[in-house]
Structures are given as C-alpha cells and as structure tokens.
Amino acid sequence: MQTGDFPSLTKRPYEDAAPIDSSGSKPPVIASSLPEPLQMALNQALAKSSEAHGKFLNNLPGVKKRVNAAGGSSISSESWVVAQMDLASLEMIRSPSVAALADVDALYLKRLNAEFEDQQPGGAQIIAKNRDQIQAQVKAQQDAIDAMKARLR
C-alpha cells in the first residue's frame, strides 16, 4: 500500500444538493379541461352518438326477430327481403354514431396538432377517452349487424 497525501473520499457539500436543471424548461402542464368551443363540439358528438345508439338498441330486437325468421329462407324471398330492409334501416339509424366518431377523430387530430405546436398540452387525452366511448358504441353496432348479415347468407 502506498503512503502519501491522497484526496479524501468523503462526500463534498454539493453532492447532497438538489440537481441543477440545465435544460431551462419547465415540466409540461397537462390540461384538465378543453377550451369551451372544443368541449362543446365534443359534447355534441357524444350526444349525437348516444342518441343514435339508443335508437339502434330500441330497434335491434325487432330486426333480430325478423332476421331470425328469415334465417333459412332463400335469397329474394319475402322474409329475406324484409330482413334486408330492416338491416338497411338499422344502418341508417346508426349513421349519426359513425358520423360522431368521424367528428371526434377530426377534433382529436386538431388537438394533437395544437399540442405538437406547444399549445396547452394534454387535451388530446380528454378527447381520446370520450372517443373510446363512441368507438365502443359503433363497434357494438357493427358487430350486431355483421352477426345478423351472417345469418342471412
């Protein structure tokens, strides 16, 4: 072992101090709400989809009944045609939900672009959560229609 005057290995005072933020930037502020015009547009899309989904659900049992009755029928038979017309009617009833999803997608994209430009980050998360609700309604509607169409083939 060498002997001599070596530096001490004890902590220096600055080693216990808080780290220095050299970036000069502040942490991003996450928006807890949306600007009023954007929130109103989101609320309108939600209302439009919910109303259409309610109508869809109200009409669904009757359409299922007619589709089940036409299940083994030949193409172009009266029961098959009635079931096809009912399915088309159900598609029309659900169209506001699909339109609402497109509206919310546009709002989401607009908000993402604004966040990319450093304007009030975090609002896209609010839109995405509400978008998920509308998308779930549209998916449930499509799944029900696809199942009924499969019975008519």
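The following paragraphs describe the helices of a predicted model and the way in which they pack.

The secondary structure of the chain consists of 3 helices and 0 strands, and from the N terminus onward the order of the elements is α-α-α. Of the 153 residues of the chain, 29% are classed as buried. Among contacts in the chain with a separation of 6 or more, 77% are made by residues 24 or more positions apart.

The pairing of H1 with H2 is described by an angle of about 160° and by axes that lie 9 Å apart. Because angles over 145 degrees count as roughly antiparallel, H1 and H2 are assigned to that class with respect to each other. The passage of H1 across H2 is a left-handed crossing, and the residues that form the contact of H1 with H2 comprise 20 nonpolar, 5 polar and 7 charged residues.

In the loop between H1 and H2 lies Ser76, a residue other than glycine whose phi is nevertheless positive, with a value near 80°. The relative accessible area of Ser76 is 56%, and Ser76 is therefore classed as exposed, given that the cut-off for this class is over 50%.

For H2 and H3, the packing angle is about 155°, and the axes of the two helices are 9 Å apart. This angle makes H2 roughly antiparallel to H3, since the limit for that description is 145 degrees and the angle must be over it. H2 passes H3 in a crossing that is again left-handed, and the contact of H2 with H3 contains, by class, 16 nonpolar, 5 polar and 7 charged residues.

Helix H3 itself covers residues 123-151, and its length can be checked against the expected rise: at 1.5 Å a residue, its 29 residues should span 42 Å, and the C-alpha atoms at its ends are 43 Å apart, so that the two values agree. The expected figure follows because the rise is multiplied by one less than the number of residues. The buried residues of H3 are Gly123, Ala124, Ile127, Asn130, Arg131, Ile134, Gln137, Val138, Gln141, Ala144, Ile145 and Met148. The partners against which these buried residues pack are helix H1, formed by residues 36-69, and helix H2, formed by residues 78-116.

How values were computed
Residues numbered from 1 in each chain as written. Predicted model: local features only at pLDDT ≥ 70, side-chain atom pairs only at ≥ 80, totals over all residues. Heavy atoms only, no water. Helix = DSSP H or I, 4+ residues; strand = E, 2+ residues; numbered from the N terminus. Buried < 20%, exposed > 50% of the residue type's maximum accessible area, 1.4 Å probe, protein only. Contact = heavy atoms within 4.5 Å. Axes fitted to C-alpha atoms, helices over the stretch in contact; angles between N-to-C directions. Parallel < 35°, antiparallel > 145°, perpendicular 65-115°, else oblique. Left-handed = near helix turned anticlockwise from the far one by under 90°. Nonpolar A, V, L, I, M, F, W, Y, C, P; charged D, E, K, R; others polar.
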